[in-house]
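Welcome, and thanks for joining this tour. Please open the structure in your viewer and keep the selection tool at hand.

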Amino acid sequence: MKRSAVLGLLLLTAGLVLALVLAQRFQRPVAVNFYLTADTQGFLVPCGCKVVPAGGLARRVSALQALERLAGNEPVIPVEATHGFADRGPGREILNREMGRFYASTGTLVGLGGYDLLLGPEALRMAAPGVPLYLAGREPYRGSKAFRLGGWGVPPLGARGGLLRLVFLAQTPPGGATLRDPMEVMAEEVRLHPADRYMVVGQLAPPTTAALLDAFPKILVVAVQWGTDVTTIPQQRKGQWILYLGDRGRRGASVRVAWSGGQWEVLPMIRYLGPEVPSDPATAAQVAQVLKAVDAVNVRALAALASADKARGGYTGSARCASCHADAHRVWSISPHARATSDLAIDHQQSNPDCLVCHATGLGKPGGYPRPDLDLSGVQCEACHGPSEGHPPRPLEVLPPSQASCGTCHTPRDSPLFDARGYWQLIKHK
Ligand code: HEC
Ligand code: HEC
Ligand code: HEC
Ligand code: HEC
C-alpha cells in the first residue's frame, strides 16, 4: 500500500516534469525579429555615393550578427525587401550568383520588384537556386509568409496566438517591368487570410503606402523602398509604422513584432550601414574575389565597345575648351559631372559599360569613350554640346536645360529628384 503510494507520487512527478518540458518545447516564441535591407541591386561593397559610402554585404553580416546576439532566443529573419539583384552590366550574372549565395547562406527572404523582373524568371532562378523568391500577385513567385507568434505548437491548442503575415508588394517603378496594382493584390491576400495581421515589404511609392494603410487597418507595419526616399527615424501613422529603407542597400532596419498578452507590439529601428559598422572579414574576402571576376568581364566588354573610328567622332576633350571658356571650365571641373567616371571606382564599376553610358562622354558613339589617346572620362562639355572639332568657328549646339536635354541621363530611375531648373542652378555656366 505504502509502496504503491510512493510509486504513484513518483509517476505524478515524472508526468508533471514531462508536461513542463513539452510545454516549453511547444510554446512558440512571442516575437520575431526581421532584419531588412532593400535595393541592394548587386552592390556587394558600400555604394560610393555622394555622402559616405555605405552598405555592402560584409557590413550587413556583422549587423545581422549583432541583432542575433541582441535577440537571444527569438528568431531573426533577414529580408531583402526588393531589387536585390543587379539588372545591368555584363558582370551581373556573377554578381547575382554571389547575391544568391549570400541570401541562401543567411536564410534571407528575397522580395522582387519591377527591376528584378527585367532579368526574367530564368535568370532569377539561376542566380538564386533554392532561394524562395517573393512577389505577391505574380506567378511563379510566392506572395507571403506567415509567422505564428505566442500560443502552443500542438493542435488543437495550435490555433492560439497571433498570426503575422509578411506580404511582398511592389508597384511598377520608372523604367521597370509592369506590375499589378498593389491595392488589388493586397485585397486578395486579406480575403485569403482574414484573421491575420500584416507586415508589408517591397517597393512602393509614398502615396501608395498611404492608400494601403487607409484601406487595410490590419497592416501593422510597412517597410519598403522607393527611389531615394528614406525615413531616418521610423514614422507612425494612426498606430501603423512606416519605414522607407532608401536605395542601394545602404541602410539596415530591424523590426521586432511581438504578440504579447493578446496585443501586437512593433519595435522598428533603422540604421545607416556606414563606416562605423564593422565588416565581417570572411564576407569581405569572398566579395573581393567576386569583384575581381566581375571587373575582368567589364573590362573585356568595354574594350569591345571601344571605337575603331576615332577620327570621325570629332571629340576633342574638355581640356581644350579651358583656354577660351575659362569660367565655364572652372564651373564644370568642380561639378559632379567631372567626377562621374572616377566616382564609379568606389563601387568597383569603373569599367561597367551599362554605367559608363551616362557616367562618361560619348560611350558607344564614334570616337567616344574609351579612348587611349584622349581623356573622355566624366560627363564632359561635349556630352552636352556635342563633338567640337572645327569649333570655333563652327558653332556648337546649346540646348536649354530640360527634361529632354538632360533627361537622357537624368532619368526617373537614376535621378529621381531631377528638376531641370534647380539642377541647372548647380552647374550654371556660360
Ligand atoms: C541612365 C543614366 C545612368 C546610368 C545607366 C547609371 N547612372 Fe549613375 N547616375 C546618373 C545620374 C544622372 C546621377 C545623378 C543623380 C542625381 O544626383 O540626381 C547618377 C548618380 C550616381 C551615383 C551617385 C549617387 C548618390 O547617391 O550619391 C552613383 C554612385 C552612381 N550613379 C553609380 C552608378 C552605377 C554603379 C551605375 C551602373 C550600374 C550607374 N550609376 C548607372 C545616371 C546614370
Ligand atoms: C551624359 C549624361 C548626363 C547628361 C546629359 C547630364 N547629366 Fe547631370 N549628371 C550625370 C551623372 C552621371 C551625374 C552624377 C555624377 C556623380 O556624382 O558621379 C550627374 C550629376 C548632376 C548634378 C549633381 C547632382 C547632385 O545632386 O549633386 C547636377 C546638378 C546635374 N547633373 C545637372 C545636369 C543638368 C542640368 C543637365 C542638363 C543640362 C545634365 N546634368 C545632363 C550625367 C549627365
Ligand atoms: C550637363 C551638360 C553640360 C555640360 C557638361 C556643359 N555644358 Fe555648357 N551649357 C549647357 C547648357 C544646357 C547651356 C545653355 C544654358 C541656357 O540655356 O541658359 C550651356 C551653355 C554654355 C555656354 C553659353 C552658350 C550661350 O550662347 O549662351 C557655353 C560657352 C558653354 N556652355 C560652354 C561649356 C563648356 C566649355 C563646358 C565644359 C567645360 C560645358 N559648357 C559643359 C550644358 C552643359
Ligand atoms: C579658340 C577659342 C575657343 C575654344 C578652344 C573653344 N571655344 Fe567655344 N566659343 C569660342 C567663341 C569665340 C565662341 C563664340 C562666343 C560668342 O559668340 O559669344 C564660342 C562659343 C561656344 C558656345 C556657344 C555656342 C556657339 O557655338 O556659339 C559653346 C557651347 C562653346 N563655345 C563650347 C565650347 C566647347 C565645349 C569647347 C571645347 C570642346 C570650346 N567651346 C572650345 C571660342 C572657343
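Before the first stop, one definition: two strands pair if DSSP finds at least two bridges between them. Keep in mind, too, that you are looking at a predicted model.

**Stop 1: the two domains**

Start by colouring residues 28–272 as domain 1 and residues 312–427 as domain 2, the two domains into which the protein chain is divided. Their C-alpha centres lie 37 Å apart. Where the domains touch, 17 residues from domain 1 and 13 residues from domain 2 take part in the contact.

**Stop 2: the sheet**

Now select the strands of the open, six-stranded sheet. In what order do its strands run? The order is 4-3-2-1-11-12, and the pairing is mixed. At the edges you will find strand 4 (133–134) and strand 12 (263–272), each of which pairs on one side only.

Next, select strand 1, residues 31–37, together with strand 11, residues 251–260. These two run antiparallel and are joined by six bridges. To see individual partners, pick A31, which stands opposite A258 in strand 11. Then try F34, whose bridge partner in strand 11 is V255.

Turn to the neighbour with which strand 1 runs parallel: strand 2, joined to strand 1 by five bridges. Here T37 stands opposite E80 of strand 2.

Stay with strand 1 and show its side chains. Are they buried or exposed? In a regular strand the side chains alternate between the two faces of the sheet. On strand 1, A31, N33, Y35 and T37 point one way, while V32, F34 and L36 point the other way, and all are buried. That makes seven buried residues out of seven, so strand 1 counts as mostly covered, buried meaning under 20% relative accessible area.

**Stop 3: the iron atom of ligand 1**

Move on to ligand 1 and zoom in on its iron atom. Which residue is its only protein donor? H359 is, through NE2 at 2.2 Å. Colour residues 353–359 to show helix 12, where H359 is found.

**Stop 4: the iron atom of ligand 3**

Select ligand 3 next, along with H385 and H429. Both histidines serve as protein donors of the iron atom through NE2, lying 1.9 to 2.0 Å from it. H385 sits in helix 13 (residues 381–385) and H429 in the segment after helix 15 (420–427), so the pair ties together parts that are 44 residues apart in sequence. The six donor atoms around this iron atom subtend angles of 89 to 180°, and the arrangement is therefore octahedral.

Switch on a surface to look at the two histidines again. H385 is partly exposed, with a relative accessible area of 26%, and H429 is also partly exposed, at 30%.

**Stop 5: the iron atom of ligand 4**

For the last stop, select ligand 4. Which residues are the protein donors of its iron atom? They are H325 and H391, each through NE2, lying 2.0 Å from the iron atom. H325 is in the loop between helix 9 (318–321) and helix 10 (326–333), and H391 is in the loop between helix 13 and helix 14 (403–406), so the pair ties together parts that are 66 residues apart in sequence. This site is octahedral, with angles of 87 to 179° among its six donor atoms. Finally, check H325 on the surface: its relative accessible area is 39%, making H325 partly exposed.

Notes
Residues numbered from 1 in each chain as written. Chains lettered and ligands numbered in written order. Predicted model: local features only at pLDDT ≥ 70, side-chain atom pairs only at ≥ 80, totals over all residues. Heavy atoms only, no water. Donors = N, O, S within 2.8 Å, 3.2 Å for Na, K, Ca; no water. Helix = DSSP H or I, 4+ residues; strand = E, 2+ residues; numbered from the N terminus. Tetrahedral: all angles 85-135°; square planar, octahedral: opposite > 155°, others 65-115°. Buried < 20%, exposed > 50% of the residue type's maximum accessible area, 1.4 Å probe, protein only. Domains from an automatic or database assignment. Contact = heavy atoms within 4.5 Å.
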